Amino acid sequence: MSLESLLDDFSLFDDWEDRYRYIIELGGTLAPLSEAEHSDAYKVPGCVSQVWLVTERDNDRLSFRGDSDAHIVRGLVAILLDLFNNKTPTEISDFDAEAAFNELGLGEHLTPQRSNGFYSMVQRIRNDAAAVSD
């Protein structure tokens, strides 16, 4: 899913309660991680909730799988995966996640802790992409 698709989907809802429910629904679409993947090796630091991200490489593209112990955060993980999956490390580093976050209206409707967690996940994705391109 692209940013444009997410914006289109968000525009279908009149209020933020409905958008929160939609974000939670997105989290329900995540493929489950294995027990081994719910380990400290995949844990994202800087998130109030527990978040795990697994990075996989397929030639010059990266894909990500993730999970969280909080429903709304699982939805944020799903959004990030939609925005970053199947991209090259350069595309990942060039993508303006903060602009996307604000375009979706998340900045003004999430708590500061959730926003910080979102940016921690973005930083982890960027760090993993940078490690692959080195």
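Helices and strands are here DSSP runs, numbered from the N terminus, with at least four residues for a helix (H or I) and at least two for a strand (E). With that in hand, let us walk through this predicted model.

**Two loops with positive phi**

A good place to start is N59, which lies in the loop between β1 (51-58) and β2 (61-68). Its phi is near 60°, a positive value in a residue other than glycine. N59 is also exposed, because its relative accessibility of 64% is over the 50% cut-off.

A second asparagine joins the story: N86 sits in the loop between α3 (71-84) and α4 (89-94). For N86, too, phi is positive and near 60°, again in a residue that is not glycine.

**Aromatic pairs**

Now to the rings. A pair of aromatic rings is described by the distance of the centres and the angle of the planes. The structure holds eight aromatic pairs, and two of them are set out here.

| Pair | Centre to centre | Angle between planes | Geometry |
|---|---|---|---|
| F10 and W16 | 5.9 Å | 80° | edge-to-face |
| F13 and Y22 | 5.3 Å | 40° | tilted |

The F10 and W16 pair counts as edge-to-face because its planes stand at 80°, and the cut-off for that class is over 60 degrees. Both of these residues, F10 and W16, are buried.

In the tilted pair of F13 and Y22, the partners fall into two accessibility classes: F13 is partly exposed, with a relative accessible area of 24%, whereas Y22 is buried at 11%.

These residues also belong together in a wider picture, as ring pairs link F10, F13, W16, Y20 and Y22 into a cluster.

How values were computed:
Residues are numbered from 1 along each chain as its sequence is written. This is a predicted model: local features need pLDDT of at least 70, side-chain atom pairs count only at pLDDT 80 or more; totals for chains, interfaces and linings use all residues. Side-chain values use heavy atoms; hydrogens and water are left out. Rings of Phe, Tyr and Trp (its six-membered ring) pair if their centres lie within 6.5 Å; planes under 30 degrees apart count as stacked, over 60 as edge-to-face and the rest as tilted. Buried means under 20% relative accessible area, exposed over 50%, partly exposed in between (1.4 Å probe, protein chains only).
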